[in-house]
Amino acid sequence: MSDLNGLVTRYLAAWNEADADNRAKAVAELFTEDAPYIDPLAAVAGHEGIGAVLAGAQEQFKGLTFELHGTVDAHHNIARFQWALVTAPGTEPIAIGFDVIVTDEDGRIKGVYGFLDKVPAA
């Protein structure tokens, strides 16, 4: 499970990466080439699609940070965890989500399936 804990940490770091080149490098390292990313707001596949979702989040949530909200629950090649979007570490979350990550035999993400538990009021 420690490998999946580390993978989740790196995954969240990619969401927080402001530099486009570093973010693209992280996506290429973390995800298989055809990995889908599916949540209520997006359904994309591949490095380009995932990179676009992360870039959109960076633009929309400037100054905010995605952080692990609780612990990673993992077995075999699957991890589930809650994340929080916060203004500063440990502050009340603006948004909370729940992601499930599935990895391949090399430990790269071959799919992310996300849910939104708390979203900001319109």
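Buried means under 20% relative accessible area, exposed over 50%, and partly exposed in between (1.4 Å probe, protein chains only). The model is predicted: local features need pLDDT of at least 70, side-chain atom pairs count only at pLDDT 80 or more, and totals for chains, interfaces and linings use all residues. Residues are numbered from 1 along each chain as its sequence is written, and side-chain values use heavy atoms, with hydrogens and water left out.

**Exercise 1.** Place A13 in its helix and classify its accessibility.

*Solution.* A13 lies in helix α1, residues 2-16 (helices are DSSP runs of H or I, at least four residues, and strands runs of E, at least two, numbered from the N terminus). Its relative accessibility is 43%, so A13 is partly exposed.

**Exercise 2.** Describe the ring pair formed by Y11 and W15.

*Solution.* Rings of Phe, Tyr and Trp (its six-membered ring) pair if their centres lie within 6.5 Å; planes under 30 degrees apart are stacked, over 60 edge-to-face, the rest tilted. By this rule there are eight aromatic pairs. In one of them, Y11 and W15 are edge-to-face, at 6.3 Å centre to centre with 75° between the planes. Both residues lie in α1, four residues apart, about one turn of the helix. Y11 and W15 are both buried.

**Exercise 3.** Which helix supplies the largest share of the largest nonpolar core?

*Solution.* Such a core is a set of buried Ala, Val, Leu, Ile, Met, Phe, Trp, Tyr and Cys residues joined through side-chain atoms within 4.5 Å. The largest has 29 residues; Y11, W15 and Y37 are among those that touch the most other members. Helix α1 gives the largest share, seven residues.
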